[in-house]
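Reader: I would like a close look at one part of this fold. Please take me through the sheet, strand by strand, and what packs on it.

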Amino acid sequence: MKLATLQAQLPDFEIQLLTLADQEALLELEQSNPRYHQYFSPEPLTMTEVQHDLTAHPDELAAAQKQVFGFYLAHRLVAVLDVLNQYPQEQFLFVGLLMVNKAYQRKSVGRVIVTGLMQAALQANITAIQLTRVTADEGVARFWQKLGFEDGNQLFLPLKAGGRLAVTTMTRLLQ
């Protein structure tokens, strides 16, 4: 996904590709959503985990296929969007994470970002957007369903602390 294509669809935001230099701002944003992290670990969120969020990608992908976009309003990071290009298929875009700062939730920020992402994806000849969501999080399920995403398979992710986390794939075909 080209930054310029996404920026053209979302002119009210200043959008930047996040790097390790932005980890403090990303940590603050992620800390505003403690429930999300609690699905994966009972321990407090660490800077090491934030660094991992900025760089982790499936082994079969090149690092350049991962992009982490930061969305700013008044020079404040209000949302993050982590995407994998050409994954799991060539004309797909995979959303690894969409997180909106708690102070900006329920104010259409997430919906506006996803709508702009879909328009930018169409311009880039992407035919589908896919993601996985925590199955137990019904609020997140409703958010994506309202945007036209449909549930797919349920998978189980192994957790570092032991056990497994149920996640559900969701897909939206673009036209």
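Author: What follows is a walk across the sheet, from one edge to the other.

The model is predicted. Its sheet is open and holds seven strands. Their order is E1-E2-E3-E4-E5-E7-E6, and the pairing is mixed. The edges are E1 and E6, the latter spanning residues 150-158. Each of these edge strands pairs on one side only. On average, neighbouring strands are turned by 30° against each other, with direction ignored.

Start at the E1 edge. Strand E1 covers residues 14-17, and Ile 15 is found there. Is Ile 15 buried or exposed? Its relative accessibility is 6%, so Ile 15 counts as buried; the cut-off for buried is under 20%. Which residues does Ile 15 touch, beyond its neighbours within four places in sequence? The contacts are Leu 3, Leu 6, Gln 7, Leu 10, Phe 69, Gly 70 and Phe 71. Take Phe 71 from that list. In sequence, Ile 15 and Phe 71 are 56 residues apart. In space, their C-alpha atoms are 4.7 Å apart.

Next, the pairing further along. E4 and E5 run parallel, joined by four bridges. Within this pairing, Val 95 has Leu 131 in E5 as its bridge partner. How does the chain get from E4 to E5? The path goes through H5, and this β-α-β crossover is right-handed. E5 itself is mostly covered. Six of its seven residues are buried.

On to the next neighbour. E5 and E7 run antiparallel, with seven bridges between them. Here Thr 132 stands opposite Thr 169 in E7.

Now the far edge. E6 and E7 also run antiparallel. Seven bridges join them, and E7 spans residues 164-173. Leu 157 stands opposite Leu 165 in E7.

Two helices remain to be placed. Helix H4, residues 47-55, packs on the sheet. H4 touches strand E2 (66-73) and strand E3 (76-85). The direction of H4 makes about 110° with that of E2. Helix H5, residues 109-123, lies across five strands: E2, E3, E4 (92-100), E5 (128-134) and E7. H5 runs at about 160° to E4.

In short, E5 has a parallel partner in E4 and an antiparallel one in E7. H5 lies across E4, E5 and E7, among others, and H5 also carries the chain from E4 to E5.

Terms used. Residues numbered from 1 in each chain as written. Predicted model: local features only at pLDDT ≥ 70, side-chain atom pairs only at ≥ 80, totals over all residues. Heavy atoms only, no water. Buried < 20%, exposed > 50% of the residue type's maximum accessible area, 1.4 Å probe, protein only. Contact = heavy atoms within 4.5 Å. Pairing = 2+ DSSP bridges. Axes fitted to C-alpha atoms, helices over the stretch in contact; angles between N-to-C directions. Right-handed = clockwise from strand over helix to strand, strands pointing away.
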